[in-house]
Amino acid sequence: MEIKLEFVRKRSEFGRPCSFSDYLAEVTADIPPDPSLADDFIPQDPVDFAFQEGPVMAVHEVNTERAQVAIKSVNHVEGGWPQHVDPKNPELTSRYREEGEREEAYTRRVQRLGSLVEHCIRQNNAIDIYEEYFEEEEEEEEEEEHHSAKTITVIRDPHRRMSTRIAWHPDANRAMAVAYCTLNFQDSRKDMSFDSYIWDLEKPYGPELVLKPSSPLMTLEYNSKDWHHVLGGCYNGQIVYWDTRKGGLPVEMTPVEVSHRDPVYGACWLPSRTGTECFSGSTDGQVLWWDIRKMSEPSEKLILDITREDQLKNALGACALDFAPNMPTKFLVGTEQGIIISCNRDSKTPPEKIAHIFRGHLGAVYSVTRNPFFPKVFLSVGDWTARIWTEELMDSSSIMETKYHTPYLLDGCWSPVKPAVFFTGKSDGTLDIWDFLYHQKEPCLSLKMSNDPLLCLRVQDNGRIVACGTWLGIVSLVEISPGLCTMRKNEKTLTSTMFEREARREKILQEKHRERLVKEQERARARPEEQEDPQEVFQKAREDFFSIIKAERRRRGQEDLEE
C-alpha cells in the first residue's frame, strides 16, 4: 500500500519554494482487522530468537598450550569459542575462524550491493529541483570569505600571575596544564605563590591538580608516552617532573648546583625507548640533557657558542626551544640576540653540534616551531614580525615573512591540521590567524582577546580550539570556524609548491647578491690606486646634495612667477 498526500496551489504560485512547518500528528489511514483472514494465519512453534550477550572487544592475543593464536572476539558467543569447538585443537579453531571470516565477507558484499541498488533506484526516480547538488562547494567559498571565532571558556589564575606556558593533555586534550610565573624584575611580593595548575576543561572553576614546585614554573610539557609524567622548567634553573597519580609534589628535581643558572624557557621530552629522557634550554647559554631516573647530573651538555669555541662567555641565551619527534636528532633554539640555531645531537664534538645559523630578527626570538607537515620548514616569532624559514637554504634569510606590526609579537604556533595556517599573539592582546596560502599581507582573522599582552599560545590536536594565555594569568579558549581548521582538497600540495617557489626565489636572490659582492671585490683589487679618500667622497656627496636643493628651489620659483 502506498499513501500519497496531494499538495494543491495556484498556478500563479508555481515555481516558488515550498514553505513547510511542523504540526501535530494525524491519522492518515486506519485499516481495521478482517476476521475472515484469521483462518489463513499459520502458527509457528517453536520460535527461535537470536540475541547477543557477549561484550564487544578489540583484536587481542591469547596463549594456548600449543601456539599463540590471534582471536578476533567481535560478536562472539558467551565471550569465547562455541561449545563444539575445542580452543586447544588448532584445526577446529582455524576452521571456525575461516567460517566467521567467510560470513563477514558475505555480509559486506550484501551491504555494498544494497547501497548500489538503492543508488540506481534513486537515479531512475524524478529529480528534486530543490536539491542542493553543490552545497559543499558553496560552503567552502563562504568559509573562505567569512572566518569567525568565539570564546568558549575562560580560566583565571587566582593570584593574577603571568601565563608563561600551556600544555594540552595527550589523551584527547581533556585537560590542560598551565605554568604561572612572574617575570617582572625584582617582584618580591610576600604572598607570591609558586603553584601551577592542571585544569579539567569540563570543570574550569577549579584546578584538577595543583603542582607545587620549589620555584615558579616557566614551562610545562606532558610526556606523550606516559601521560601521567609532566616535565617542568623553573625560574631558578631547576628541572622537575611530576607523576600526577602521586599528587602535586614533584617526584624528583635536579640539584641547583648542576642546573641552569637562569630561567628555563624550554623543556622537551625525547622519544627514547624508555620514555624518560628530556632536554632543556635556558638564557644561560646551555642546553642540558636529562634522564628522570637519574637527575643528579645532566647526561650531556651543549654550549650555544656560534663561534664554535665552546666557551660559555660567548654563548647566546636560549629563550625558545623546539623539538619534532619525526626528526629525533635535530632541534631548534631561538636566542635573545635574534639568531636561530639549528643543532644536531648526533655530531661528535660540541662545536659540530651547532649545524646552521639563521639571522633575520632584530630582537629576541620568543618562539620557533617546525611545520607539522613539512619538518624542514619552521616558523619564528620575534620583534615585530613572524618569519618562515627552510633548512634547505643554510645561513640565509627567511623565505616568507609577515608585515611589521606596531606591537611586539610574543608567541606563535602552526595549525596541526592545515599546513599554511599559523597563529601569532601580540603585546596589545590581539590574536592573529594567518593563512599564507590565500592571504600573505593581512591575517585572515584578528581577535582582540585582552587589553594585556598574549604571552603564550597552544592549539589542540584537532586545530579547532586555541588556548591564549595573558599577562594577568587569564587563559581563554577560542573555537575557530571550520574554514580555518579543515584541510581542503590539494591544500598540502599547493602549500608545498608555495614553499618550494619561495625557496627558489630566495636562492636566486642570494646567488645574485654573492655575484655582486665578488664583482665589487675584484673591482677593488684591480684598481687599488684609484680608491678615493673617504673625506673627498663625503665632500662630493655634500656638494651634490646642496646643488640638487638649489636646482629644486629655482624650479619652484619659476613656477610661482609663471602663475
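This is a conversation between a trainee and a mentor about one predicted protein model.

Trainee: What should I know before looking at the numbers?

Mentor: This is a predicted model, in which local features need pLDDT of at least 70 and side-chain atom pairs count only at pLDDT 80 or more, while totals for chains, interfaces and linings use all residues. Residues are numbered from 1 along each chain as its sequence is written, and side-chain values use heavy atoms, with hydrogens and water left out.

Trainee: How many helices and strands does the protein chain have?

Mentor: The protein chain has 5 helices and 30 strands. Helices (H or I, at least four residues) and strands (E, at least two) are DSSP runs, numbered from the N terminus.

Trainee: And what share of the residues counts as buried?

Mentor: Of the 563 residues in the protein chain, 40% count as buried. Buried means under 20% relative accessible area, exposed over 50%, and partly exposed in between, with a 1.4 Å probe and protein chains only.

Trainee: What share of the contacts joins residues 24 or more positions apart?

Mentor: Such residues account for 49% of the contacts in the protein chain that have a separation of 6 or more. Contact means heavy atoms within 4.5 Å.

Trainee: Changing topic: how many disulfides are there?

Mentor: The structure holds 0 disulfides. A disulfide is counted as a pair of cysteine sulfur atoms within 2.5 Å.

Trainee: Why does C278 not form a bond with C268?

Mentor: The closest cysteine sulfur to that of C278 is in C268, and it is too far for a bond because the distance is 9.3 Å. C278 is buried, at 0% relative accessibility.

Trainee: How far is C468 from its closest cysteine sulfur?

Mentor: That sulfur belongs to C456 and is 8.3 Å from the sulfur of C468, again too far for a bond. C468 is buried as well, with a relative accessible area of 1%.

Trainee: How many salt bridges are there?

Mentor: The count comes to 19 salt bridges. A salt bridge is a side-chain nitrogen of Lys or Arg within 4 Å of a carboxyl oxygen of Asp or Glu.

Trainee: Which residue pairs with E300?

Mentor: E300 meets R345 in a salt bridge, with 3.0 Å from N to O. This pair links distant parts of the chain, since E300 is in strand β15 and R345 is in the loop between β18 (339-344) and α3 (350-353), 45 residues apart. R345 is partly exposed, with a relative accessible area of 25%.

Trainee: What about R464? Which residue does it meet?

Mentor: The side chains of R464 and E479 meet in a salt bridge of 2.9 Å, N to O. R464 lies in the loop between β28 (454-459) and β29 (465-470), and E479 in strand β30 (residues 474-480), so the pair ties together parts that are 15 residues apart in sequence. R464 counts as partly exposed at 28% relative accessibility, whereas E479 is buried with a relative accessible area of 18%.

Trainee: Which residues are linked in a network of salt bridges?

Mentor: R165, E221 and R458 are linked in such a network.

Trainee: Now D305. Where is that residue?

Mentor: D305 is in the loop between β15 (300-303) and β16 (318-323).

Trainee: What is its nearest side chain of opposite charge?

Mentor: That is R308, 8.4 Å away, and D305 is buried yet has no salt bridge. For charge, Lys and Arg count as positive and Asp and Glu as negative, while His and the chain ends are not counted.

Trainee: Then which side chain makes a polar contact with D305?

Mentor: The side chain of T307 does, at 2.5 Å. A polar contact is a pair of N or O atoms within 3.5 Å; within protein, one must be able to donate a hydrogen and the other to accept it, and residues adjacent in sequence count only if both atoms are side-chain atoms. In addition, the backbone nitrogen of Q311 lies 3.1 Å from a polar atom of the D305 side chain.

Trainee: One last residue: is D383 buried or exposed?

Mentor: D383 is buried, with a relative accessible area of 2%. D383 lies in the loop between β21 (377-382) and β22 (385-390), and has a positive phi of about 45° although it is not a glycine.
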